[in-house]
Amino acid sequence: SARLSIKFFLVAILFVLFDIEVVFLYPWAVNYREMLTANASLALGGIVSFLGILFVGYVYALKKRAFDWKS
């Protein structure tokens with residue numbers, strides 16, 4: 001069996017992590033109109049904070065060079 005670099009597994013785990021987080025956006029998008037009538041600031045604030053945390057995680061992975069295949 002061929003040995004794979006640990007970088008391959010790290011990128012695969014990060015892909016699954018970010019992919020699952022994007023799946024959490026789907027129910028929010030489906031119920032967005034109903035949430036606007038109930039409490040618009042809570043609906044928008046929730047998704048902005050979620051996307052902010054997602055973005056911080058992405059920037060952290062970029063700074064740690066987790067997506068760099070060369071090294």
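Visitor: Does tryptophan 28 count as buried, partly exposed or exposed, and at what relative accessibility?
Guide: In this predicted model, buried means under 20% relative accessible area and exposed means over 50%, with partly exposed in between. Tryptophan 28 falls between those two cut-offs, so the class that applies is partly exposed, at a relative accessibility of 24%.

Visitor: How many helices and how many strands does the chain have?
Guide: Reading from the N terminus on, one meets the elements in the order α-α-α. That order agrees with the count for the chain, which is 3 helices and 0 strands.

Visitor: Why is the chain described as more spread out than a compact globule, and what is its radius of gyration?
Guide: The C-alpha atoms fill a box of roughly 55 × 25 × 10 Å along the principal axes. For 71 residues the globule rule gives 11 Å, and the chain lies well over that value, so it is more spread out than a compact globule, with a radius of gyration of 17 Å.

Visitor: What percentage of the 71 residues of the chain count as buried?
Guide: The chain exposes about 6000 Å², and carbon and sulfur atoms supply 71% of that area. A residue counts as buried when its relative accessible area is under 20%. Among the 71 residues, the share that counts as buried is 13%.

Visitor: In which element of the chain is confidence highest?
Guide: Over the chain the mean pLDDT is 85, and 97% of the residues reach 70 or more. Confidence is lowest in helix 1, where the mean is 84, while the highest mean, 89, belongs to helix 3.

Visitor: What kind of aromatic pair do phenylalanine 18 and tyrosine 58 form?
Guide: The structure holds 3 aromatic pairs. In one of them, the ring centres of phenylalanine 18 and tyrosine 58 are 5.9 Å apart and the planes stand at 75°; because planes over 60 degrees apart count as edge-to-face, this pair is edge-to-face.

Visitor: How many residues apart are phenylalanine 18 and tyrosine 58, whose pair links distant parts of the chain?
Guide: Phenylalanine 18 is buried, with a relative accessible area of 16%, whereas tyrosine 58 counts as partly exposed at 38%. Phenylalanine 18 belongs to helix 1 (residues 6-23) and tyrosine 58 to helix 3, and their separation along the chain is 40 residues.

Visitor: How is the aromatic pair of tryptophan 28 and tyrosine 32 classed?
Guide: Tyrosine 32 counts as partly exposed, at 29% relative accessibility. The ring centres of tryptophan 28 and tyrosine 32 are 4.8 Å apart, with 50° between the planes. Planes under 30 degrees apart would count as stacked and those over 60 as edge-to-face, so the class of this pair is tilted.

Visitor: What is the area of the nonpolar surface patch that includes phenylalanine 9?
Guide: Phenylalanine 9 has its place in helix 1, and at 40% relative accessibility it counts as partly exposed. Its partners in the nonpolar surface patch are Leu4, Ile6, Phe8 and Trp69, and the patch has an area of about 580 Å².

Visitor: How far apart in space are phenylalanine 15 and phenylalanine 67, C-alpha to C-alpha?
Guide: Phenylalanine 15 is placed in helix 1 and is exposed, with a relative accessible area of 57%. Along the sequence, phenylalanine 15 and phenylalanine 67 are 52 residues apart, while in space their C-alpha atoms are separated by 9.9 Å.

Visitor: What distance separates the C-alpha atoms of leucine 25 and arginine 3?
Guide: Leucine 25 lies in helix 2 (residues 25-30) and counts as partly exposed, at 22% relative accessibility. Leucine 25 and arginine 3 are 22 residues apart along the chain, and the distance between their C-alpha atoms is 36 Å.

Visitor: Which value is phi of arginine 65 near?
Guide: Most residues other than glycine have a negative phi. Arginine 65, found in the segment after helix 3, has a positive phi although it is a residue other than glycine, and the value is near 55°.

How values were computed
Residues are numbered from 1 along each chain as its sequence is written. This is a predicted model: local features need pLDDT of at least 70, side-chain atom pairs count only at pLDDT 80 or more; totals for chains, interfaces and linings use all residues. Side-chain values use heavy atoms; hydrogens and water are left out. Rings of Phe, Tyr and Trp (its six-membered ring) pair if their centres lie within 6.5 Å; planes under 30 degrees apart count as stacked, over 60 as edge-to-face and the rest as tilted. Helices (H or I, at least four residues) and strands (E, at least two) are DSSP runs, numbered from the N terminus. Buried means under 20% relative accessible area, exposed over 50%, partly exposed in between (1.4 Å probe, protein chains only). Patches are made of residues with over 30% relative accessible area and no salt bridge: like charges are joined within 9 Å, nonpolar side chains (Val, Leu, Ile, Met, Phe, Trp, Tyr) within 5 Å. Accessible areas come from the Shrake-Rupley method with a 1.4 Å probe; for residues, only the protein chains shown count as cover. A salt bridge is a side-chain nitrogen of Lys or Arg within 4 Å of a carboxyl oxygen of Asp or Glu. pLDDT is the predictor's confidence in each residue, from 0 to 100. The radius of gyration is taken over C-alpha atoms; the globule rule is 2.2 Å times the number of residues to the power 0.38.
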